[in-house]
Amino acid sequence: MADAVPVFKKCDQANPANYRPISLTSVCSKAIEHAVHSNVMKHLEQHNILTDQQHGFRKGRSCESHLIITVNDLAKCI
């Protein structure tokens, strides 16, 4: 379980909208999360469960890389 604490962003400190929540988790929780994520992703990659169109939360891929491929595909169609 994580503790959420407010962290000031900018401008007026009296305005609650100028704060963002940050979750403080223990080192043990972070280590377990990393181990689980690594093993799940390894399994998904090895068994080709994820499609090439899946870019979010994958190593070496991002929303930007997906956008570039989409724009390229649209340009080819035109």
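Student: In which loop does Asn48 lie?

Tutor: This is a predicted model. Asn48 lies in the loop between H1 and H2, and those helices span 27–46 and 63–77 respectively.

Student: How does one read the backbone at Asn48, and what is its phi?

Tutor: The general idea is that most residues other than glycine have a negative phi. Here Asn48 is not a glycine, yet has a positive phi of about 50°. This value is taken just after H1.

Student: Is Asn48 buried or exposed?

Tutor: The reading depends on relative accessible area, where under 20% is buried and over 50% is exposed. Asn48 reaches 66%, and therefore counts as exposed.

Student: What is the length of H1, and how does its span compare with the one expected?

Tutor: H1 has 20 residues. From its first C-alpha to its last, H1 reaches 28 Å, close to the 28 Å expected at 1.5 Å a residue.

Student: Which residue outside glycine has a positive phi in the loop between strand E1 and strand E2?

Tutor: Cys11 has a positive phi of about 60°. Cys11 belongs to the loop between strand E1 (3–8) and strand E2 (19–24), and is exposed at a relative accessible area of 65%.

Student: Where is Asn18, and is it buried or exposed?

Tutor: Asn18 is also placed in the loop between E1 and E2. Its relative accessibility is 11%, so Asn18 counts as buried.

Student: What is Asn18 in contact with, leaving aside its neighbours within four places in sequence?

Tutor: The partners of Asn18 are Val7, Phe8, Lys9, Lys10, Cys11 and Asp12. For Asp12 there is a further detail: its backbone oxygen lies 2.8 Å from a polar atom of the Asn18 side chain. Val7, another of these partners, is found in strand E1 and is partly exposed, with a relative accessible area of 30%.

Student: Which residues make the nonpolar surface patch?

Tutor: Val5, Val7 and Leu24 make a nonpolar surface patch of about 200 Å².

Student: How should salt bridges be read, and how many are there?

Tutor: The criterion is a side-chain nitrogen of Lys or Arg within 4 Å of a carboxyl oxygen of Asp or Glu. By that rule the count is two. One joins the side chains of Arg58 and Glu45, at 3.1 Å from N to O. This pair links distant parts of the chain, 13 residues apart: Arg58 is in the loop between H1 and H2, whereas Glu45 is in H1.

Student: How exposed are Arg58 and Glu45?

Tutor: Arg58 counts as buried, at 9% relative accessibility, while Glu45 is partly exposed, at 38%.

Student: Which side chains meet in a salt bridge at 3.7 Å?

Tutor: Those of Asp52 and Arg61 do, the distance being taken from N to O. Asp52 is exposed, with a relative accessible area of 57%, and Arg61 is partly exposed, with 27%.

Student: Where is the place of His55, and what does its side chain approach?

Tutor: His55 is in the loop between H1 and H2 and counts as buried at 7% relative accessibility. A polar atom of its side chain lies 3.4 Å from the backbone oxygen of Asp52. Leaving aside neighbours within four places in sequence, His55 is in contact with Arg61, Ser62, Ser65, His66 and Ile69. Arg61 thus appears both among the contacts of His55 and in the salt bridge with Asp52.

Student: How far apart are His55 and Leu67?

Tutor: They are twelve residues apart in sequence, and 9.7 Å apart in space from C-alpha to C-alpha.

Terms used:
Residues numbered from 1 in each chain as written. Predicted model: local features only at pLDDT ≥ 70, side-chain atom pairs only at ≥ 80, totals over all residues. Heavy atoms only, no water. Helix = DSSP H or I, 4+ residues; strand = E, 2+ residues; numbered from the N terminus. Buried < 20%, exposed > 50% of the residue type's maximum accessible area, 1.4 Å probe, protein only. Polar contact = N/O pair within 3.5 Å; in protein donor to acceptor, adjacent residues only side chain to side chain. Contact = heavy atoms within 4.5 Å. Patch = residues over 30% accessible without salt bridge, like charges linked within 9 Å, V, L, I, M, F, W, Y side chains within 5 Å. Areas by Shrake-Rupley, 256 points an atom, 1.4 Å probe, with all protein chains shown as cover. Expected span 1.5 Å × (residues − 1).
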